[in-house]
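This report is for a reader who has not seen this structure before. Please look over the sequence and the model, then read on.

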There are 2 protein chains.
Amino acid sequence: MFIGELSRRTGVSTRGLRYYEEQGLLHPQRRASGYREFAEADVDRVRRVRVLLAAGLNTDLIAEVLPCMTDTGAILAPTCEEMARDLERERERMSRSIDELKVAHEMLDAIIHAGELLPERRDGEAHR
Amino acid sequence: MFIGELSRRTGVSTRGLRYYEEQGLLHPQRRASGYREFAEADVDRVRRVRVLLAAGLNTDLIAEVLPCMTDTGAILAPTCEEMARDLERERERMSRSIDELKVAHEMLDAIIHAGELLPERRDGEAHR
DNA sequence: CTAAACCTTGACGTTGACGTCAAAGTCAAA
DNA sequence: TTTGACTTTGACGTCAACGTCAAGGTTTAG
């Protein structure tokens, strides 16, 4: 498929997909015309990239991690010790992020609930 | 206290603290000389700012939320409906972020554990 | 064959939370 | 009063993951 279809199917802009290729996250075939040709498996691949990006990993590390995940979703072992250490550091960072998010989430909850207890809320409706 | 002490006590750079003031998150007194004078309560205030920043809130929203939290840590109600809606949107965004982080965390875990099962790890030492 | 809808590379712009100078004024201890 | 550590404002730099535009080739339905 061409880049537009992959974009529609993943929700990632064509600019984003070209950027991913530039960063070594995608390796599409090329037609004689220069058009990129993506495989079906790239749809899942892009989705995995999105998950890791959303988790705060940068493209460099994602480029290292992706080869550990096959097209079928199976998990392979990291290829070197250095990468394994990177992954563990990243996992710890993510654990901290999760904890921090929970703390902030409780902060907001407390404020929001304080507001909901107020009598000045005169509508009994469910919020839209 | 001056800005340097607040910086040391919070771990936030002086540049960062000046930026917070610029964004309306801090309102230090000023000496005749122009030097900022911070109060004890600003230490906790900066820590709350850090928590919310780490959670992905931007300084504009934090400036709205901070007045809902007193120096003693008590929670006040949000001052207007619009802000309450902002907070709920932000809370939902944080919930999604937490879920996304968990998914990515499990991804990394799977890869890391795949590596630990390999026999090629010949050292029985704890990793440094 | 033509027109619309696609694709290419290249290059500059955006955003937020700061980092990093520079030039100059201030504080406080000895 | 000197000196060194501290502070001020101002302004430009950074970084990552894209957005956005331009000028031009490609594909394919009709």
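The text below takes up the relation of the two chains, their contact, the DNA surfaces and one pair of helices in each chain.

**The two copies**

The model is a predicted one. Chain A is superposed on chain B by a rotation of 180°, with 0.0 Å of shift along the axis and an RMSD of 0.1 Å. The two copies are thus related as by a two-fold rotation axis. In chain A, the C-alpha nearest that axis belongs to Ile98(A), at 3.0 Å from the axis.

**The contact between the chains**

How many residues does each chain bring to the contact? Chain A gives 34 residues and chain B gives 34 residues. On the side of chain A that touches chain B, the elements giving two or more residues are α3 and α5 (81–116) of chain A. The largest share of this side comes from α5(A), with 23 residues. Sorted by class, the side of chain A that touches chain B has 24 nonpolar, 4 polar and 6 charged residues.

Of the interface residues of chain A, 100% are also interface residues in chain B, so the copies meet through the same surface.

**The surfaces near the DNA**

Both protein chains have residues beside DNA strand D: among the 19 residues that surround this strand, the closest are Ser13(A), Gly16(A) and Ser33(A) from chain A, with Phe2(B) and Gly4(B) from chain B. Three helices each supply at least two residues of the surface near DNA strand D, namely α2 (14–22) of chain A, α1 (3–10) of chain B and α2 (14–22) of chain B.

DNA strand C also has 19 residues around it, and those that come nearest are Phe2(A), Gly4(A), Ser13(B), Gly16(B) and Ser33(B). The elements that give two or more residues to the surface near DNA strand C are α1 and α2 of chain A, together with α2 of chain B.

The table lists the residue classes of the two surfaces.

| Surface | Nonpolar | Polar | Charged |
|---|---|---|---|
| near DNA strand D | 6 residues | 8 residues | 5 residues |
| near DNA strand C | 6 residues | 8 residues | 5 residues |

**Helices α1 and α3 in chain A**

In chain A, helix α1 covers residues 3–10 and helix α3 covers residues 41–54. At what angle do the axes of these helices cross? The crossing is at roughly 50°, and the axes come within 10 Å. α1(A) and α3(A) are therefore oblique to each other. The crossing in which α1(A) passes α3(A) is right-handed.

Which residues meet here, from α1(A) and from α3(A)? Leu6(A), Arg9(A) and Thr10(A) lie in α1(A), and they meet Asp42(A), Val43(A), Val46(A) and Arg47(A) in α3(A). The contact of α1(A) with α3(A) divides by class into 3 nonpolar, 1 polar and 3 charged residues.

**Helices α1 and α3 in chain B**

In chain B, α1(B) packs with helix α3 (residues 41–54) at an angle of about 50°, and the axes are 10 Å apart. That makes α1(B) oblique to α3(B). α1(B) passes α3(B) in a crossing that is right-handed. On the α1(B) side the contact is made by Leu6(B), Arg9(B) and Thr10(B), and on the α3(B) side by Asp42(B), Val43(B), Val46(B) and Arg47(B). By class, this contact of α1(B) with α3(B) holds 3 nonpolar, 1 polar and 3 charged residues.

Note on methods
Residues are numbered from 1 along each chain as its sequence is written. Chains are lettered from A and ligands numbered from 1 in the order in which they are written. This is a predicted model: local features need pLDDT of at least 70, side-chain atom pairs count only at pLDDT 80 or more; totals for chains, interfaces and linings use all residues. Axes are lines fitted to C-alpha atoms, for helices over the stretch in contact, and angles run from 0 to 180 degrees between N-to-C directions. Helices (H or I, at least four residues) and strands (E, at least two) are DSSP runs, numbered from the N terminus. Angles under 35 degrees count as roughly parallel, over 145 as roughly antiparallel, 65 to 115 as roughly perpendicular and the rest as oblique. A crossing is left-handed if the near helix is turned anticlockwise from the far one by less than a right angle, and right-handed if clockwise. Two residues are in contact if their C-beta atoms, placed from the backbone, lie within 7 Å. Ala, Val, Leu, Ile, Met, Phe, Trp, Tyr, Cys and Pro count as nonpolar, Asp, Glu, Lys and Arg as charged, and the others, Gly among them, as polar. A residue is near a molecule or strand if its C-beta atom, placed from the backbone, lies within 6 Å of it. Copies are superposed by least squares on the C-alpha atoms of residues with pLDDT of at least 70 in both.
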